[in-house]
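Biologist: Please take one part of this model and look at it closely, following its surroundings outward in one connected account. I would like the cut-offs stated wherever a term depends on them.

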Amino acid sequence: MLTDPISDYLTRIRNAMSAGHKVVEIPASNLKKEITKILFDQGYILNYKFEDNSHQGSIKIALKYDKVTKEPVIKKLKRVSRPGLRQYKGSGELPRVLNGLGVAIVSTSKGVMTDKQARQEKVGGEVLCLVY
């Protein structure tokens with residue numbers, strides 16, 4: 001049993017990128033699906049596919065690499081809030097990642113969204129992770 005499924009999700013992506021894999025398969029949950037959609041919308045992954053072949057289902061993510069240097073597009077995936085220390089921020093306190101070049105993924109009362117969307121909707125929440 002995992003105590004932190006989001007951390008496991010980020011670690012699987014991180015490990016697959018460092019090993020140079022094209023696709024990574026991760027056990028699915030609704031929160032992980034929302035994070036995957038945000039990563040796709042922001043251009044950090046090539047594509048994704050939700051498969052409901054088993055009880056839990058899985059997410060297949062096609063990782064994105066630079067065409068010339070073959071380096072992963074995602075430089076860093078950092079878990080902010082964790083089960084032992086939750087990080088809640090108001091709309092004015094949300095972190096700016098690399099002065100707007102990166103993305104903070106926030107779980108709000110209006111759903112999972114980026115820090116920019118949360119600021120526009122003037123809603124705060126739990127800062128799940130930082131991506132750049």
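Modeller: Leu 31 is found in helix H2, and I will take that helix as the part to examine. The model is a predicted one, in which local features need pLDDT of at least 70 and side-chain atom pairs count only at pLDDT 80 or more, while totals for chains, interfaces and linings use all residues. Residues are numbered from 1 along each chain as its sequence is written, and side-chain values use heavy atoms, with hydrogens and water left out. Helices (H or I, at least four residues) and strands (E, at least two) are DSSP runs, numbered from the N terminus.

At 29% relative accessibility, Leu 31 counts as partly exposed, a class that lies between buried (under 20% relative accessible area) and exposed (over 50%), with a 1.4 Å probe and protein chains only. Leaving aside neighbours within four places in sequence, Leu 31 is in contact with Ile 6, Val 112 and Leu 128, where contact means heavy atoms within 4.5 Å. The C-alpha atom of Leu 31 is separated by 16 Å from that of Lys 78, which is 47 residues away along the chain.

The helix itself has twelve residues, which at 1.5 Å a residue should span 16 Å, and its end C-alpha atoms are 17 Å apart, which agrees; the expected span is 1.5 Å times one less than the number of residues. Buried in H2 are Lys 32, Lys 33, Ile 35, Thr 36, Ile 38 and Leu 39. An α-helix has 3.6 residues a turn, so residues three or four places apart point the same way. After H2 comes Gly 43, whose phi is positive, near 85°.

From the helix one can go on to the nonpolar core, a set of buried Ala, Val, Leu, Ile, Met, Phe, Trp, Tyr and Cys residues joined through side-chain atoms within 4.5 Å. The largest such core has 26 residues, and Ile 13, Leu 39, Ile 61 and Ile 105 are those with the most contacts inside it. At least two of its residues come from each of helix H1 (5–19), strand S1 (23–27), H2 (30–41), strand S3 (58–63), S6 and S8, and H1 gives the most, with six residues. A second, separate core of nine residues includes Val 97, Val 106, Met 113 and Ala 118. As for Ile 61, its contacts beyond four places in sequence include Tyr 9, Ile 13, Thr 36 and Tyr 48.

Tyr 48 leads on to the aromatic rings. Rings of Phe, Tyr and Trp (its six-membered ring) pair if their centres lie within 6.5 Å, with planes under 30 degrees apart counted as stacked, over 60 as edge-to-face and the rest as tilted. By this rule there are two aromatic pairs. Phe 40 and Tyr 48 have ring centres 5.3 Å apart and planes at 75°, so this pair is edge-to-face. The pair of Tyr 48 and Phe 50 is tilted, with 5.1 Å from centre to centre and 45° between the planes. Phe 40, Tyr 48 and Phe 50 thus form one aromatic cluster, and each is partly exposed: Phe 40 has a relative accessible area of 32%, Tyr 48 has 25% and Phe 50 has 29%. The cluster also meets a side chain of the helix, since Lys 33 lies over the face of Phe 50 at 5.3 Å from the ring centre; a charge sits over a ring if NZ of Lys or CZ of Arg is within 6 Å of the ring centre and within 35 degrees of the ring normal.

Last comes strand S8 (residues 125–131), which, like H2, supplies at least two residues of the largest core. Seven of the seven residues of S8 are buried, so the strand is largely enclosed by the rest of the structure. Two strands pair if DSSP finds at least two bridges between them. Strand S6 (residues 103–108) runs antiparallel to S8 and is joined to it by six bridges, with Cys 129 as the bridge partner of Ile 105. Strand S4 (residues 77–79) also pairs with S8 in the antiparallel sense, over three bridges, and there Leu 77 stands opposite Val 131.
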